[in-house]
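Biologist: Before we discuss any particular region, could you show me the model and explain how its labels are earned?

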Amino acid sequence: MIIKKFVGKSEAEATAAAKKALGENAVIMNVKDLKKKGLMGVFAQAQVEVTAAVEEVNDMRVANDKPIAVPPHLRMEREDTKRQAAEEGQSSEHVLDESALEQKLESLHTLIEQQMKSSAGEEKGEAKVERHDENDETKRFFELIRDTLEDNEVSGKYARALLEEIEKLNKPGVTIDYLLSNIYQKMVLKFGETKLIRKSGKNAEVIFFVGPTGVGKTTTIAKIASKFCVADKASVALITTDTYRVKAAEQLRTYADILDVPFRIIYEQEDMTEALKEFQNYDYILVDTAGHSPQNNEQIENQKQFIETAEALLPVQVYLVLSVTTKYRDLLHIVDQYKRDKGYRLIFTKLDETMALGNMLNLKIYTGADVSYVTNGQDVPDDIQEFNAQRIVRTLLDTK
């Protein structure tokens, strides 16, 4: 894994530099504003620093790479180097600022350490924990991480693959801090960069929300529509192709009335064409679809035709809405049924209804699809957030 920093006059410029150096698969892990110190800093142009990461492959070469995680005894030296770079006003792309990461992991490491000591104390039958062999401590660490991931319902296959990657770093003198930091970073990288709904041009963006019944598609659409209308001051139109459930259509109509946006029910392909032409000058056209069993091939085909009709007229994005409470085996069947050549992005719902979020990592790895949003309740528009990989990984690694 390679983690580097890049500085630019804007976030876009710094991100472009990161993508150029590390490739389009680079993940932006942190963004912060930089200010020069001293009197001259008052007149200096503001700069933005981004921290980017990418999985290292055999044919990728980046000059002067530094270790991505620093053992505790080297932290003071690292801080001195960072401070010197900042005072000189130079790019710090080869100096990794891990303070934010350390803060996120501090309590997690404490919990792991306490649990390891507690386990050792029980084995010895005494209050005082004796010093253990370094290999035994590392072994218990890996066992604890494996058990924690499995308790959070991360697939055993993916958990084993992750730990095998980290075990390659387990050399004499390597600390638990170092290993934990690398596990955290690799899991964040596996989730990749969060991709949100954004306009790609002057025309309206047509957003289809697809998925099985009962996952909360209609409520999710209302939350996103509220954000666009209220926070972004964007023009929005709502459409539903769900003619099977009167209640769902009426629910979306109610949200449309509250937001004072147009609403249409689509029965045939011609209705879709007319509606899209009518709303083509809007910013977003959000389309609710009929929730159905992944075994219902007829409804799946109808949905596919609606999407193809829209793609012939306007830019289209498709979001597959999934509940994290669904069994992993069923989720695999669902995503297989919703496969499409142009792909889709993922929205995970009902995070408030489960303590195990491993399915999010499982589905991300299995599908390779970008993750966009998560929902954690029924309140509109509050209970929706942009997907935050760091927060989810922190939860997945947290010991109960």
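**Cavities, core and a buried threonine**

Modeller: By the rule applied to this predicted model, the count comes to two cavities of 30 Å³ or more.

Biologist: What makes the second largest cavity a member of that count, and what is its volume?

Modeller: Its volume is about 30 Å³, to be set against the cut-off of 30 Å³ or more, and a set of points is called a cavity because a 1.4 Å probe fits there but cannot get out.

Biologist: Which residues line the second largest cavity, and how do they divide into nonpolar, polar and charged?

Modeller: The lining consists of Leu149, Val154, Tyr158, Ala159, Leu162, Lys190, Leu361 and Ile365, and these divide into seven nonpolar, no polar and one charged. Lys counts as charged, so Lys190 in this lining is the charged residue. Helices α5 (156-167) and α12 (358-367) each supply at least two lining residues, with α5 giving the most, namely three.

Biologist: What makes you describe α12 as mostly covered?

Modeller: Seven of the 10 residues of α12 are buried, and a residue is called buried because its relative accessible area is under 20%. The buried residues of α12 are Gly358, Asn359, Met360, Leu361, Asn362, Leu363 and Lys364. Just after α12, glycine 368 takes a positive phi of about 75°.

Biologist: Which residues touch the most other members of the largest nonpolar core?

Modeller: Phe348 and Met360 do, within a core of 67 residues, whose largest share, 10 residues, comes from helix α6 (residues 176-191). Apart from this core lies another, of 25 residues, including Ile197, Ala225, Ala256 and Leu286. Leaving aside residues up to four places away in sequence, methionine 360 touches Phe191, Val324, Phe348, Leu351, Val374, Phe387 and Ile392.

Biologist: Why is threonine 289 called buried, given that it lies in the loop between β7 (284-288) and α10 (297-311)?

Modeller: Threonine 289 has a relative accessibility of 2%, and the cut-off for buried is under 20%, so threonine 289 counts as buried. Not counting residues up to four places away in sequence, threonine 289 touches Phe208, Phe209, Val210, Lys217, Thr241, Asp242 and Gln303.

Biologist: How do you know that the side chain of threonine 289 makes a polar contact with the side chain of glutamine 303?

Modeller: The distance is 3.3 Å, and a pair of N or O atoms must lie within 3.5 Å, one able to donate a hydrogen and the other to accept it, so the pair meets the distance cut-off and is listed as a polar contact. A polar atom of the threonine 289 side chain also lies 2.6 Å from the backbone oxygen of phenylalanine 209.

Terms used: Residues are numbered from 1 along each chain as its sequence is written. This is a predicted model: local features need pLDDT of at least 70, side-chain atom pairs count only at pLDDT 80 or more; totals for chains, interfaces and linings use all residues. Side-chain values use heavy atoms; hydrogens and water are left out. A nonpolar core is a set of buried Ala, Val, Leu, Ile, Met, Phe, Trp, Tyr and Cys residues joined through side-chain atoms within 4.5 Å. Buried means under 20% relative accessible area, exposed over 50%, partly exposed in between (1.4 Å probe, protein chains only). Helices (H or I, at least four residues) and strands (E, at least two) are DSSP runs, numbered from the N terminus. Contact means heavy atoms within 4.5 Å. On a 1 Å grid over the protein atoms alone, a cavity is a set of points where a 1.4 Å probe fits but cannot get out, and a pocket is an open set with protein on both sides within 12 Å along at least five of seven lines; lining residues have an atom within 4 Å of a point. Grid points are joined across faces, edges and corners, and a volume is the space filled by probe spheres set on the points.
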